[in-house]
Amino acid sequence: MSPLLEVEHLRVQLPVGGELRSVIRDVDLTLEPGEVLAMVGESGSGKSMTARAIMGLLPPGAEVGGRIAFDGADLSAASSRQLRELRLRRIGMIFQDPRAAINPVHRIGDFLTEVLVRELGVPRSDAMKRAEGVLQEVRIRDPEHCLHQYPHELSGGMLQRVMIAAVLLSEPDLILADEPTTALDVTTQAEVIALLSDLRRARELAMVFITHDLELAAAISDRIAVMYAGSVVETVAAAEALTRPLHPYTEALLESRPDIAVRLDVIPQISGRPIAAYEVDAGCPFHPRCRYAEEQCSLTPPKTALVGTGLVMCHRAQERLGGLHISGEQNSLADGLGAQAG
Amino acid sequence: MTPIPEAPRDREDLAVVAQSLRKSFDTQRRRQGQPALLAVDDVSFAIARGGSLGIVGESGSGKTTIARMLTGLVRPSGGTIAVAGRDRSHPARGSAERRRRGHELQMVFQDPYTSLDPRQRVVGCLDEALRLHTELGSKDRVERIRELLEHVGLDERHARSLPRELSGGQRQRVAIARALAGAPVVIVLDEAVSALDVSIQAQVLNLLNRLRAETGVAYVFISHNLAVVRQVCDDVLVLQHGRVVESGAVDEVLDRPQHEYTRRLLASIPTVGWDPHSVSGRADVTSRIS
């Protein structure tokens with residue numbers, strides 16, 4: 001089976017104050033049909049920009065390098081009309097804030113049927129029936145009533161279900177979900193995640209799920225790509241990412257997450273702040289914050305290599321696989337605590 | 001859990017005592033012939049000096065309304081609030097009283113982008129707070145500013161910066177330093193670490209714990225994140241629809257949750273091997289907002 005989505009050496013630069021700034025340095029991704037890939041990273045790591053590059057929705061003036069292929073077709077060669085067609089029928093997108101994505105003055109029914117009626121020429125009554133059907137599919141209890149409601153009458157969780165329903169209507173092969181549950185309450189988040197994972201199975205959907213939460217990513221995805229400063233630093237099976245992180249950044253992210261089970265006197269923290277892609281100079285982008293950094297880490301950029309079962313961009317990944325992360329080096333983290341400003 | 005005293009007045013050993021707090025927002029709903037919305041319904045708690053109380057709940061549970069009543073931004077419909085033994089259920093009479101209240105209770109908000117003046121440098125922001133809340137002369141203020149910055153892990157270079165030149169974590173440190181300036185009895189932190197990246201969040205949580213130990217300030221820590229509450233609070237109130245459904249020592253409540261809603265909140269947190277389908281008692285899958 002050929003991959004549904006292939007991203008090779010993606011580079012993106014955006015114009016900022018007269019100069020071009022790098023936001024994505026070198027991203028490689030593949031996604032098989034029906035697979036869910038989570039992209040995890042902190043703000044500015046380039047995860048949303050990667051999704052926008054795939055959709056052809058980058059800001060004006062963006063310089064793009066590398067190759068993006070969807071279902072075998074090279075998207076960098078596609079016309080804006082072809083891209084539009086693709087977004088209409090094959091790739092759907094879900095955003096963090098459904099309230100910003102849904103026109104507040106239209107009823108839910110009109111919002112859901114707009115594309116079907118105006119772009120795909122479906123008769124209105126048929127479109128309404130299909131809309132009711134997808135609302136049922138996203139588990140809205142009274143879909144007929146919902147069709148006649150306005151967005152302000154729905155809670156954030158309900159509105160995100162409507163957004164998912166809208167995406168399902170175009171029967172896409174791929175859904176790009178950009179932090180779709182970040183703005184929701186935890187219990188609502190659990191419901192939406194349960195819904196998304198049921199839908200992907202029932203409809204054999206492929207999905208790119210963007211989040212800053214590694215544990216959430218592991219719950220919804222098959223594989224996880226961890227991003228830092230515009231690069232993918234680790235790509236690994238979801239279960240492995242939580243139990244055996246190979247990149248020091250992934251490991252540090254997991255440790256610094258507040259633990260629900262125990263109170264710690266001092267939470268392990270990553271010193272310094274996440275840097276942006278354009279701030280990366282020689283060497284590994286993570287080396288100034290890395291507890292395992294050696295001389296070579298500040299001199300030469302590491303190459304991505306297969307280590308164990310994952311792809312890792314780290315000079316010391318092979319050693320770390322051998323058990324370095326359970327050696328005494330952990331102490332250096334505690335020593336650095338408190339001294340650094342965020 | 002700190003017991004709620006019979007007579008909160010003159011109990012200077014308690015940082016905050018809230019008794020039977022109530023807030024209804026009714027004007028518009030009354031006009032439409034609906035019953036008033038009880039945003040906060042009979043909420044009581046006490047926090048010892050240097051204590052830390054977490055208030056958790058989902059959106060609409062009333063946690064921010066409680067914060068706003070504590071700060072005096074919203075007037076309670078019923079109940080009393082005392083800070084350091086002094087009642088503040090009614091609006092302040094006169095500017096001296098208002099200043100004293102500001103001096104005793106400070107607030108840190110979720111978004112430091114909007115809670116700091118974009119045109120004011122960090123040093124100016126802290127100096128303003130010191131002039132307002134202390135009697136220090138200009139020389140002492142310079143010294144105190146240096147001390148405050150050091151407390152929160154910032155340096156001279158940051159002092160000369162404008163908020164836009166700082167990262168999100170640094171800005172939140174400035175907001176915390178400003179809150180600490182007048183040596184308050186209690187700081188109300190409303191989702192103060194929610195907008196921060198994970199790696200920065202850990203830094204700020206460690207900072208908050210260290211500051212409480214060093215200065216003896218008390219916290220009212222409002223959050224939707226139980227894991228964060230576990231790290232910085234002694235006690236916790238779990239709110240649902242404006243009512244306290246469970247309260248107690250953090251370890252007790254999180255390790256042995258008694259109320260079904262607390263259990264559901266805990267089950268909703270993604271961890272290793274988490275299954276979102278396990279979150280029972282789905283909230284409201286109707287298309288109407290209650």
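The exchange below concerns a predicted model with chains A and B.

Biologist: How many residues does the contact take from chain A and from chain B?

Modeller: Counting two residues as in contact when their C-beta atoms, placed from the backbone, lie within 7 Å, one obtains a figure for each chain. The contact takes 41 residues from chain B and, from chain A, 49 residues.

Biologist: Which element gives the largest share of the side of chain A that touches chain B?

Modeller: The elements of chain A that give two or more residues to this side are helix H6 (143–147), helix H8 (186–203), helix H9 (214–220) and helix H11 (248–256). By class, the side of chain A that touches chain B has 23 nonpolar, 13 polar and 13 charged residues. The largest share, nine residues, comes from H8(A).

Biologist: What radius of gyration does chain B have, set against that of a compact globule?

Modeller: Chain B, whose secondary structure comes to 12 helices and 10 strands, has C-alpha atoms that fill a box of roughly 60 × 50 × 40 Å along the principal axes. Because a compact globule with 290 residues would have a radius of gyration near 19 Å, the value for chain B agrees with that expectation, at 20 Å.

Biologist: What percentage of the contacts in chain B with a separation of 6 or more is accounted for by residues 24 or more positions apart?

Modeller: Of the 290 residues in chain B, buried residues make up 46%. Among contacts in chain B with a separation of 6 or more, the part that residues 24 or more positions apart account for is 66%.

Biologist: How far apart do the C-alpha centres of domain 1 and domain 2 of chain A lie?

Modeller: Chain A is divided into domain 1, covering 100–171, and domain 2, covering 245–335. The distance between their C-alpha centres is 44 Å.

Conventions: Residues are numbered from 1 along each chain as its sequence is written. Chains are lettered from A and ligands numbered from 1 in the order in which they are written. This is a predicted model: local features need pLDDT of at least 70, side-chain atom pairs count only at pLDDT 80 or more; totals for chains, interfaces and linings use all residues. Helices (H or I, at least four residues) and strands (E, at least two) are DSSP runs, numbered from the N terminus. Ala, Val, Leu, Ile, Met, Phe, Trp, Tyr, Cys and Pro count as nonpolar, Asp, Glu, Lys and Arg as charged, and the others, Gly among them, as polar. The radius of gyration is taken over C-alpha atoms; the globule rule is 2.2 Å times the number of residues to the power 0.38. A residue is buried if 20 or more other C-beta atoms lie within 10 Å of its own, exposed if 12 or fewer, and partly exposed in between; C-beta atoms are placed from the backbone. Domain bounds come from an automatic or database domain assignment.
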